[in-house]
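Okay, thanks for making time, everyone. I'll put the structure up and then walk you through a few parts of it.

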Amino acid sequence: MHPDRDRELLGQVEALEEAGRYSSAVLVWDQLCHSNPGVPRFFARRGRAHYRQGKLSDALRDFDFALRLKPDAPATLFFRARTHEKLADLTKALADYEASAAISPEADAYLNIALIHRFQRRIAESEKALRRAIELDPGNETARGLLDSWRIDGC
């Protein structure tokens with residue numbers, strides 16, 4: 001671990017990501033992960049950079065590794081869930097969204113839980129998740145709109 005060098009690299013990677021230069025950002029994350037193999041945050045952030053490039057297998061590998069180091073990281077669970085969802089593995093996506101929400105209840109996690117349940121035709125579970133999203137974020141127009149539209153559809 002090299003604190004001054006790491007700070008410099010973190011500044012570089014932040015600028016690269018802000019500019020949408022994720023492939024370059026991954027190269028900097030590679031350096032940080034190599035010099036700090038026990039820092040789950042670096043692996044999770046590299047996973048997000050892979051995700052933003054559509055490199056889902058690489059993203060999943062990094063999220064898995066980060067979660068082995070720190071299993072109770074809600075943001076990493078959330079992003080791994082999104083990756084599983086893009087890979088059409090809704091069972092794993094749902095499990096990760098639920099684990100993320102159990103650690104840190106967030107409306108976005110419950111909204112995604114609701115959408116997966118709805119897709120799988122588990123209407124009661126979907127409605128329950130939407131209500132929880134609204135409870136956590138009363139101004140969440142997406143959750144309110146979905147709940148209203150699904151009622152109109154007769155479901």
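Let me start at one small spot: just after α3, Gly54 has a positive phi, about 80°. Keep in mind as we go that this is a predicted model.

Now let's zoom out. The chain has nine helices and zero strands, so to speak a run of α-α-α-α-α-α-α-α-α from the N terminus on. Along its principal axes, the C-alpha trace spans about 60 × 25 × 25 Å. There are 155 residues in the chain, and 44% of them count as buried. And if you take the contacts between residues at least 6 apart in sequence, 40% of those join residues at least 24 apart.

Back to α3, since that's where we came in. How many of the 13 residues of α3 are buried? Ten of them are, so α3 is largely enclosed by the rest of the structure. If you want to find them on the screen, the buried ones are Pro40, Phe42, Phe43, Ala44, Arg45, Arg46, Gly47, Ala49, His50 and Tyr51. And what do the buried residues of α3 pack against? They pack against α1, α2, α4, which is 56-69, and α5.

We can also check the length of α3. With 13 residues at 1.5 Å a residue, α3 should span 18 Å, and its end C-alpha atoms are 19 Å apart, which agrees.

One partner of α3 is worth a longer look, and that's α2. The axes of α2 and α3 come within 9 Å and cross at roughly 160°. That angle makes α2 roughly antiparallel to α3, and the crossing is left-handed. On the α2 side, the contact is made by Tyr22, Val26, Trp29, Asp30, Leu32 and Cys33. On the α3 side, you've got Phe42, Phe43, Arg45, Arg46, Ala49, His50 and Arg52.

Next, α1. Helix α1 covers residues 3-18, so that's 16 residues, which at 1.5 Å a residue should span 22 Å; the end C-alpha atoms are 22 Å apart, so that agrees. Which residues of α1 are buried? Those are Asp6, Leu9, Leu10, Val13, Leu16 and Glu17. Look down the axis of α1 and these buried residues fall within an arc of 125°, so they line one face of the helix. Over on the other side of α1, Asp4, Arg7, Glu8 and Glu18 are exposed. As for the buried residues of α1, they pack against α2, at 22-35, and α3, at 40-52. After α1 comes Gly20, another glycine to point at, with a positive phi near 75°.

Let's move along the chain to Leu69, which sits in helix α4. Is Leu69 buried or partly exposed? With a relative accessible area of 36%, Leu69 is partly exposed. Leu69 and Arg41 are 28 residues apart in sequence, but C-alpha to C-alpha they're 9.4 Å apart in space. Setting aside neighbours within four places in sequence, Leu69 is in contact with Pro37, Gly38, Val39, Pro40 and Phe43.

Then there's the pair α5 and α6. Quick reminder: two packed helices are described by the angle between their axes and the distance between the axes. Here, helix α5, residues 74-86, and helix α6, residues 90-103, pack at about 160° with their axes 8 Å apart. Therefore α5 and α6 are roughly antiparallel to each other, and their crossing is left-handed. Residues meeting across this pair include Leu77, Phe78 and Ala81 in α5, and Ala93, Tyr97 and Ile103 in α6.

Last stop: a couple of backbone spots in loops. Most residues other than glycine have a negative phi. Ala88, in the loop between α5 and α6, has a positive phi near 65°. Ala88 is exposed, with a relative accessible area of 65%. Where is Arg121? That residue is in the loop between α7, at 107-119, and α8, at 123-136. Arg121 has a positive phi too, near 65°, and is exposed, with a relative accessible area of 71%.

That's my tour, so over to you for questions.

Terms used: Residues are numbered from 1 along each chain as its sequence is written. This is a predicted model: local features need pLDDT of at least 70, side-chain atom pairs count only at pLDDT 80 or more; totals for chains, interfaces and linings use all residues. Side-chain values use heavy atoms; hydrogens and water are left out. Helices (H or I, at least four residues) and strands (E, at least two) are DSSP runs, numbered from the N terminus. The expected span of a helix is 1.5 Å times one less than its number of residues. Buried means under 20% relative accessible area, exposed over 50%, partly exposed in between (1.4 Å probe, protein chains only). The arc is that of the directions from the helix axis to the C-beta atoms. Contact means heavy atoms within 4.5 Å. Axes are lines fitted to C-alpha atoms, for helices over the stretch in contact, and angles run from 0 to 180 degrees between N-to-C directions. Angles under 35 degrees count as roughly parallel, over 145 as roughly antiparallel, 65 to 115 as roughly perpendicular and the rest as oblique. A crossing is left-handed if the near helix is turned anticlockwise from the far one by less than a right angle, and right-handed if clockwise.
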